[in-house]
Amino acid sequence: MIQNCKMMHCKRIAGKEGALTAIEGGIDIPFEIQRVYYINNVPGDAERGFHSHRKLEQILLCLNGSISITVRTPYEEQVITLRENSEGLYIGNMVWREMRSFTPGAVMMVLASMHYDESDYIRDYSEYLREAELYFREQR
Ligand code: T46
């Protein structure tokens, strides 16, 4: 997995009556959850994201259907298809993300480490490269 990203696997209890998946704050999540939001009703040809966050950490879960997520740093790129609702994608700060190929009825739920703050977004790709190159250089 690329730097500042990882997969997380949630506890899933499934039987003939259905499935239950649990996520516990302080145990499964590497940050304190400050916000939860979800995205649905996305047309199959729509693309979302195209930004990075300066500080925000998040876990993306696809509760229904499947979604393709491209994560990128100035040095690496990976495409992840979320299709199991017990599998989450952790995206740390300074990672560019693009979401596409939402299947009909797909629902994405996001657990976030901060309240909504537009000033934390980097939506311009040239500006992202400028800030991210500095950031990842300091990480080495
Ligand atoms: C991310 C990916 C995975 C709010 O008012 N409150 C919120 O909590 C959020 C998340 C968004 N908004 C507003 C901001 C925009 O006017 O909702 C509108 C759509 O947001 P955006 O275009 O950023 O949506 P996505 O799907 O491109 O990105 C979202 C998150 O914003 C982002 O943090 O990492 O999902």
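**Exercise 1.** Determine which residues serine 66 touches, not counting residues up to four places away in sequence.

*Solution.* Taking contact to mean heavy atoms within 4.5 Å, serine 66 touches Thr81, Leu82, Arg83, Ser101, Phe102, Thr103 and Ala106. Next, place the residue: serine 66 lies in the loop between β6 (58-64) and β7 (67-72), where strands (E, at least two residues) are DSSP runs numbered from the N terminus. Finally, classify it: serine 66 counts as buried because its relative accessibility is 17%, and buried means under 20% relative accessible area, exposed over 50% and partly exposed in between, with a 1.4 Å probe and protein chains only.

The model is predicted, so that local features need pLDDT of at least 70 and side-chain atom pairs count only at pLDDT 80 or more, whereas totals for chains, interfaces and linings use all residues. Residues are numbered from 1 along each chain as its sequence is written, and side-chain values use heavy atoms, with hydrogens and water left out.

**Exercise 2.** Work out the strand order of the open sheet of five strands, and find which strands stand at its edges.

*Solution.* The order is β8-β7-β10-β5-β12, with antiparallel pairing; two strands pair if DSSP finds at least two bridges between them. At the edges stand β8 (77-82) and β12 (121-122), each with a single partner strand, so one side of each has no neighbour in the sheet. Within the sheet, β5 (residues 48-53) and β10 (residues 96-100) pair in the antiparallel sense over three bridges, and glycine 49 stands opposite glutamate 98 in β10.

Note on methods: Helix = DSSP H or I, 4+ residues; strand = E, 2+ residues; numbered from the N terminus.
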